[in-house]
Amino acid sequence: VRLVGGSSPQEGRIELCVQSSPGVTIWGSVCNAYGYGIAEVVCRQRGYSRSGAVLYSVTSFGPGQNPFIQGGVYCNGDESSLLSCSNNGYHSCHKGRESGVKCQNL
């Protein structure tokens, strides 16, 4: 997971890397995320504190240039990675609905 488009490494649009075929990786955006658990999971994955993590359900970090990977994402905050959170696919995603987070240092 990476954060893109923020003013510091601790904030930005959420993007996931997936392997589409052997040796080929694709970065894509997450959209329509809800619940503060997602911010906690993403920040912990990036090595930041989960305390004070903030979710931006409609990004203020600009639209992504990559395809959507996940949409309707919900985390309770205890998951080990964003890929462990529930989601309803990317079918309801459209530009301007990318989710972002802001993390705090440890």
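## The nonpolar core

A nonpolar core is a set of buried Ala, Val, Leu, Ile, Met, Phe, Trp, Tyr and Cys residues joined through side-chain atoms within 4.5 Å. In this predicted model, the largest such core has 20 residues. Ile14, Val30, Ile38, Val73, Leu82 and Val101 are the members with the most contacts inside it. At least two residues of this core come from each of strand E2 (11-21), H1, strand E4 (49-56) and E6. Which element gives the largest share? That is H1, with five residues.

Let's look at two parts of this picture. In H1, the buried residues are Gly37, Ile38, Ala39, Val41, Val42 and Cys43. After H1 comes Gly47, which has a positive phi near 90°. Val101 has many partners to find in the structure: leaving aside its neighbours within four places in sequence, Val101 touches residues including Leu3, Ile14, Ala39, Val42, Cys43, Val54 and Phe61.

## Two disulfides

How many disulfides are there? The count is two. One of them joins Cys43 to Cys103, with 2.0 Å from S to S. Cys43 sits in helix H1 (residues 37-45) and Cys103 in strand E6 (residues 100-104), so this disulfide ties together parts that are 60 residues apart in sequence. The torsion about its S-S bond is about -90°, so the link is left-handed. Both ends are tucked away: Cys43 is buried at a relative accessible area of 0%, and Cys103 is buried at 2%.

The other disulfide pairs Cys75 with Cys85, whose sulfur atoms are 1.9 Å apart. Cys75 and Cys85 are 10 residues apart, and each is in the loop between E5 and E6. This link is right-handed, with 110° about the S-S bond. Cys75 is buried, with a relative accessible area of 1%, and Cys85 is buried too, at 4%. What about Cys17? Cys17 is in no disulfide, and the nearest cysteine sulfur, that of Cys85, is 17 Å away. Cys17 is partly exposed, with a relative accessible area of 33%.

## A tyrosine in the loop

Tyr74 also lies in the loop between E5 and E6. Is Tyr74 buried or partly exposed? With a relative accessible area of 36%, Tyr74 is partly exposed. Setting aside its neighbours within four places in sequence, Tyr74 is in contact with Tyr34, Gly35, Cys85 and Ser86. From Tyr74 to Asn87 is 13 residues in sequence, and 6.3 Å in space from C-alpha to C-alpha.

## Salt bridges

Side chains of opposite charge can pair when their charged atoms come close. Here the count comes to four salt bridges. In one of them, Glu15 meets Arg2 at 2.8 Å, N to O. Glu15 is in strand E2 and Arg2 in strand E1 (residues 2-5), 13 residues apart. Glu15 is buried at 1% relative accessibility, whereas Arg2 is partly exposed at 27%. Salt bridges that share partners join Arg2, Arg13 and Glu15 into one network.

Arg50, in strand E4, is a good residue to follow next. Arg50 forms a salt bridge with Glu40, the closest N and O atoms being 2.9 Å apart. Glu40 belongs to helix H1, so this pair ties together parts that are 10 residues apart in sequence. Arg50 also meets Asp78 in a salt bridge, at 3.9 Å from N to O. Asp78 lies in the loop between E5 and E6, 28 residues from Arg50. Asp78 is exposed, with a relative accessible area of 61%, while Arg50 is partly exposed at 35% and Glu40 is partly exposed at 22%.

Note on methods:
Residues numbered from 1 in each chain as written. Predicted model: local features only at pLDDT ≥ 70, side-chain atom pairs only at ≥ 80, totals over all residues. Heavy atoms only, no water. Disulfide = S-S within 2.5 Å. Helix = DSSP H or I, 4+ residues; strand = E, 2+ residues; numbered from the N terminus. Buried < 20%, exposed > 50% of the residue type's maximum accessible area, 1.4 Å probe, protein only. Contact = heavy atoms within 4.5 Å. Salt bridge = Lys/Arg side-chain N within 4 Å of Asp/Glu carboxyl O.
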